[in-house]
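Here's a relaxed walk through a two-chain model, going from one helix and its surroundings out to the interface. Keep the viewer open as you read.

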Amino acid sequence: MSVTYIDAIHRALEELLQEDDRVFLFGEDIAGTFGGAFKATKGLAEKFPGRVLNTPIAEDAIMSVAIGAALGGMKPVVEMQFADFGTLGLNQMGNNAGAHFFRTGVPVNITMRMPCGGTPGGGPFHSQSVEALFAHYPGVHVFTPATVADAYYMLKQAVQIPDPVVFMEHKFLYRWLKADSWEESDPLPIGSARIAREGEHATVVAFSAMVPEALKAAQDLAEQSGYELEVVDLRSVKPLDMDTILASVARTGRMLVVSEDFPWGGVAAEVVSRVVAEGMHLLDAPPLRLTSKESPIPYHPELWRAHRPNAASIADAARYLISL
Amino acid sequence: MTRVSELKDAALRAYRAMCTARAFDTKVSALYKAGKIFGGVFLGRGHEAIAACEAVFLEKGRDVYNPFIREMAGRCAWSDDAVLESARSYFGSALGCMGGKDGNVHWGQPLQGVPAPVSHLGAMVGVVAGMMLAKRFRGEKGCVGVACIGDGTTSVGAAHEACNLIAVQKLPVVVVVSNNLFAYSTPNAQEFACASLCDRGRGYGMAAHECDGTDFLQTLATMQCAIAAARAGEGPQWVVATTLRMCGHGEHDDASYIPDSLRQAYADRDPLDIARRQLVEEGWLSEQQDEELNAHIRDEVQRAVAQAQREPVPDPQSLDWTSVSWKPVRA
């Protein structure tokens, strides 16, 4: 049997509704027979009557109502139709939900599902990766699964964690990424990064859709040049597992951080900053980052492919890093 | 509408809350001017009738109440600990419900039905809606949520989104719009162009009510009607209550932008004076009872402020600075 990344998300949502009557789904176009823009909730409204609610087009209110419902003892799982529109819910997530536990001692158990990242033809406003905007706020966890199993396990755990969680689901991975099953024998806990491939010459830190690109780059580089890249899949950008990153850098002495997001103040900048601050002595060469270009995300597929990192540009950057 | 004569008990409780709020506001204003308060001070002077009347029909433990910045009288009507908790909030007491991590009018007790307000106007309307949605999921019936906004907040997108969603979901929410004619310094004419803010409520599909928020008994009857309708399952209600802000936006603000003609109206339209006169006319309050009540309230305020000032302050060394309740256990 072959399952996709979005099958794993659908399955996790179905099990969450089945297992906990405090869970409900809330978002635009998710109910009825339609089941959401990406069909993540297809069939769930019929199976769980009254627990999959359509909302008006009102991202701020979707978030504020979810916050209130969580304070009333529920565990709302919100779907933003696109992560790009999640910025309209950023104030509620950062200033209201994120600040809440510190201010009052009462955590806000909400999960904000964000279909993020680029696809060919997506254009400037249906392609963004906004994890850094949300991770900026204290009190918010930000998960960025890059495998089918992580999509399943991390979404289930996101809802079980009592705090606000931003769950970044990459749209390119939805139907492209496949696995035999969403289950695995020994799933990692949230907060731990994964060594997705072992290698000795350089560490490539990646997350979300950049993980399969980095793995392909590592495979190509090994075949073409004999260099072995160690690929670290962050899994969650907040919490950020510095232990695993630093241990890998200690083994390889070189680090490239790859992110699909814009360069300024992103997760890649955060990782580089922390590795320099905490592990400068481990580095044999300056740390590099590879991000999208400093421009809005373009529409034409050829422009889009050139705008974001891919296996070829990651391999080129790694070759340069190893040459330093 | 309920006859005024049936509202005696609520009227006396609301009046007590109004007097308490005025006494507290007077005290905290003096403390501000004496440099004893860290941040801003925001008074409810002129808003007491609206605030007390909206909250006096609510029940702590059953309903949801989201006070806005001028709702001290509502907080007093909602709960007996309002004066002490407000004093703790202003002094940042470690024993207050915000523990000094937030202050002034931002305090709340979300698990008791009062969400802790953020400063972003309109952001809490949807939170009230969500708390009522949770009650619907949990099968709680006959409960009401009151969300308080001002004339300025009616311009905010968050408030609009939430009001529309409340109406679509037919939630038992009463949105109280206190129109004090100025959003900070901006007069109504620069804030909205509709003839009446009631039209906004009707536009959402809510039942709209209007009252003179300085007329105590009229305000009491209006709030009673709106809250009873929401409680009875008649859907969301929208109340526009007009009043005067008899103070600056905060105590840092001399309100020099308010024209003299309006300032001169304060003397005749003080909701406390009007309430006292109406209660005496109804035969529900004597002047002697009023004096005893206010003497008692002054003592209560004095005691609460003194206690909050004596309490421990938060300690940055021992404070757990974490912003999340969950921490990862690494493999």
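Which residue follows α8(B), and what is the sign of its phi? The residue is Gly233(B), and its phi is positive, near 90°. Keep in mind that this is a predicted model.

**Helix α8 of chain B and its cover**

Let's stay with α8(B), which runs over residues 216–231 of chain B. Its length checks out: at 1.5 Å a residue, 16 residues should span 22 Å, and the end C-alpha atoms are indeed 22 Å apart. The helix is mostly covered, with 12 of its 16 residues buried. Among the buried ones are Phe216(B), Leu217(B), Leu220(B), Met223(B) and Ile227(B), but the list also includes Thr219(B), Thr222(B), Gln224(B) and Arg231(B).

What does the covering? The elements over the buried residues of α8(B) include the helices α1 (8–33), α2 (48–55) and α10 (271–282) of chain B. Strands take part too, including β3 (173–179), β6 (207–212) and β7 (237–242) of chain B.

One of those covering helices, α2(B), is itself mostly covered: 8 of its 8 residues are buried. That includes Glu48(B) and Glu54(B), along with Ala49(B), Ile50(B) and Cys53(B).

For contrast, have a look at His252(B), which sits in the loop between β7 and α9 (260–269) of chain B. With 11 other C-beta atoms within 10 Å, His252(B) counts as exposed, because the cut-off for that is 12 or fewer. Its C-alpha atom is 44 Å from that of Phe137(B), and the two residues are 115 apart along the chain.

**Where the chains meet**

Now for the interface. On the chain B side, 37 residues are in contact with 40 residues of chain A. The elements of chain B that give two or more residues to this side are α5 (123–137) and α6 (157–169). Of these, α5(B) gives the most, with 11 residues. By class, the chain B side has 23 nonpolar, 8 polar and 6 charged residues.

**Two helix pairs**

Two packed helices are described by the angle between their axes and the distance between the axes. Here are two pairs, one across the interface and one inside chain A.

| Helix pair | Axis distance | Crossing angle | Residue classes in the contact |
|---|---|---|---|
| α3(A) and α6(B) | within 8 Å | roughly 70° | 5 nonpolar, 2 polar, 2 charged |
| α1(A) and α7(A) | within 8 Å | roughly 30° | 10 nonpolar, no polar, 3 charged |

Take the pair across the interface. The axes of α3(A), residues 59–71, and α6(B) cross at roughly 70°. That makes the two helices roughly perpendicular, and the crossing is right-handed. On the α3(A) side, the contact is made by Asp60(A), Ala61(A), Ser64(A) and Val65(A). They face Gly157(B), Ala158(B), Glu161(B), Ala162(B) and Leu165(B) of α6(B).

The pair inside chain A consists of α1(A), residues 5–19, and α7(A), residues 148–160, with axes crossing at roughly 30°. These two are therefore roughly parallel to each other, and α1(A) passes α7(A) in a right-handed crossing. Residues of α1(A) in the contact include Tyr5(A), Ile9(A), Arg11(A), Glu15(A) and Leu16(A). From α7(A) come, among others, Val148(A), Tyr152(A), Leu155(A), Lys156(A) and Val159(A).

Note on methods: Residues are numbered from 1 along each chain as its sequence is written. Chains are lettered from A and ligands numbered from 1 in the order in which they are written. This is a predicted model: local features need pLDDT of at least 70, side-chain atom pairs count only at pLDDT 80 or more; totals for chains, interfaces and linings use all residues. Two residues are in contact if their C-beta atoms, placed from the backbone, lie within 7 Å. Helices (H or I, at least four residues) and strands (E, at least two) are DSSP runs, numbered from the N terminus. Ala, Val, Leu, Ile, Met, Phe, Trp, Tyr, Cys and Pro count as nonpolar, Asp, Glu, Lys and Arg as charged, and the others, Gly among them, as polar. Axes are lines fitted to C-alpha atoms, for helices over the stretch in contact, and angles run from 0 to 180 degrees between N-to-C directions. Angles under 35 degrees count as roughly parallel, over 145 as roughly antiparallel, 65 to 115 as roughly perpendicular and the rest as oblique. A crossing is left-handed if the near helix is turned anticlockwise from the far one by less than a right angle, and right-handed if clockwise. The expected span of a helix is 1.5 Å times one less than its number of residues. A residue is buried if 20 or more other C-beta atoms lie within 10 Å of its own, exposed if 12 or fewer, and partly exposed in between; C-beta atoms are placed from the backbone.
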